[in-house]
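Open the structure in a viewer and keep the sequence panel visible. The stops below are meant to be selected one after another.

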Amino acid sequence: MKNLSSLFSNNKKWAADILAREPQYFSKLANQQRPEYLWIGCSDSRVPANEIVDLAPGELFVHRNIANVVVYSDLNCLSVIEFAVRVLKVRHIIVCGHYGCSGVKNALFPHDGSYGLADNWLRHVREIAARHRHELDGLDVESARLDRLAELNVLTQVHHVCSSAIVDHAWRQGSELSVHGWIYGIADGLLKDLGACVSGQQEYQDFLRDFGVSHPPSPFSLDPL
Ligand code: CO
């Protein structure tokens with residue numbers, strides 16, 4: 001039987017190294033988590049959330065899926081957002097895409113090959129490509145179109161997070177909560193802020209205007225508890 005013993009030995013060494021530096025590390029973490037940030041990112045193995053922003057366990061609440069999509073009907077993602085906002089009381093929701101995303105590439109060139117079930121998931125990104133076809137067609141290099149679609153995808157997901165009843169409710173309650181749109185470069189290890197920092201309804205309306213969305217949808221989740 002292959003029991004992945006190398007991963008267990010990695011784990012033993014990792015835990016021992018941490019304890020050598022800070023003996024109370026795990027006992028403190030076991031009591032509670034108090035992350036300030038929710039990270040919504042791509043499942044891509046090259047985009048490890050904690051490492052990129054150099055945060056330790058306990059500091060970042062994480063949700064990842066293929067192409068970092070926030071979908072109206074995804075109860076998994078909506079539950080994570082609601083838990084992060086209502087229970088953990090995070091102050092920031094970061095939607096982070098990345099350049100070189102296979103999901104974005106598949107969305108732009110669906111005929112290059114099937115990813116199976118993920119093709120259906122990526123239809124959400126394909127719709128973004130269709131909505132911004134004019135801008136994307138104006139870019140003459142394929143890599144530039146892919147990069148821009150990755151950015152447009154992040155901005156769209158920021159819009160989806162902001163339009164959720166969860167975030168809307170938090171803002172109406174006067175909670176300090178900001179939604180950010182970032183993108184990560186696998187080739188250089190650097191994050192780029194896409195300039196979408198939304199901290200309330202007025203900023204959300206400004207963001208929608210700048211992003212060219214004239215009719216924001218109504219909140220997409222069930223009413224908050
Ligand atoms: Co990706």
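Where is Asn 68 found? Select it in the model, which is a predicted one: Asn 68 lies in the loop that runs between strand 2 and helix 4. With a relative accessibility of 1%, under the 20% limit, Asn 68 counts as buried. Show its surroundings next. Leaving out residues up to four places away in sequence, Asn 68 touches Ile 40, Gly 41, Cys 42, Cys 96, Gly 97, His 98, Asn 153, Val 154 and Gln 157.

**The metal site**

Two residues of that list, Cys 42 and His 98, lead to the next selection. Which residues coordinate the cobalt ion? The donors are SG of Cys 42, NE2 of His 98 and SG of Cys 101, at 2.0 to 2.3 Å. Along the sequence, these donor residues follow the spacing C-x55-H-x2-C. Colour by accessibility: His 98 has a relative accessible area of 1% and is buried, and Cys 101 is buried as well, at 7%.

**The sheet**

Now display the strands. Five of them form an open sheet in the order 2-1-3-4-5, and their pairing is mixed. Which strands stand at the edges? They are strand 2 (60-65) and strand 5 (190-198); each has a single partner strand, so one side of each lacks a neighbour in the sheet. On average, neighbouring strands are turned by 20 degrees against each other, direction ignored.

Zoom in on strand 4 (residues 178-185) and strand 5, which pair in the antiparallel sense over seven bridges. Two pairs can be picked out here: Ile 183 stands opposite Lys 192, and Val 179 has Val 198 as its bridge partner. The two strands form a hairpin with four residues between them, and in the turn Gly 189 has a positive phi of about 75 degrees.

Add helix 4 (residues 75-87), which packs on the sheet and touches strand 1 (37-42), strand 2 and strand 3 (92-98). The direction of helix 4 makes about 170 degrees with that of strand 2.

**The nonpolar cores**

Select Leu 38 and show its contacts. Not counting residues up to four places away in sequence, Leu 38 touches Phe 61, Val 62, His 63, Val 80, Ile 81, Ala 84, Val 90, His 92, Ile 93 and Ile 94. The largest nonpolar core has 51 residues, and Leu 38 is among those that touch the most other members, together with Ile 81, Ile 93, Val 158, Val 161 and Phe 207. Which helix gives the most to this core? Helix 9 (residues 142-162) does, with nine residues. A second, separate core consists of nine residues, including Leu 60, Cys 96, Trp 182 and Tyr 184.

**Helix 7 against helix 9**

Keep helix 9 on screen and add helix 7 (residues 123-131). The axes of these helices come within 10 Å and cross at roughly 105 degrees, so helix 7 is roughly perpendicular to helix 9. On the helix 7 side, Val 125, Ile 128, Ala 129 and Arg 131 meet Leu 149, Leu 152, Asn 153, Thr 156 and Gln 157 of helix 9.

The last selection is His 124, also in helix 7. Is His 124 buried or partly exposed? With a relative accessible area of 28%, His 124 is partly exposed. Leaving aside neighbours within four places in sequence, His 124 is in contact with Val 69 and Val 71. Draw a distance to Ser 43 to finish: the two C-alpha atoms are separated by 16 Å, while the residues are 81 apart along the chain.

Technical notes: Residues numbered from 1 in each chain as written. Predicted model: local features only at pLDDT ≥ 70, side-chain atom pairs only at ≥ 80, totals over all residues. Heavy atoms only, no water. Core = buried A, V, L, I, M, F, W, Y, C linked by side-chain atoms within 4.5 Å. Buried < 20%, exposed > 50% of the residue type's maximum accessible area, 1.4 Å probe, protein only. Contact = heavy atoms within 4.5 Å. Donors = N, O, S within 2.8 Å, 3.2 Å for Na, K, Ca; no water. Pairing = 2+ DSSP bridges. Axes fitted to C-alpha atoms, helices over the stretch in contact; angles between N-to-C directions. Parallel < 35°, antiparallel > 145°, perpendicular 65-115°, else oblique.
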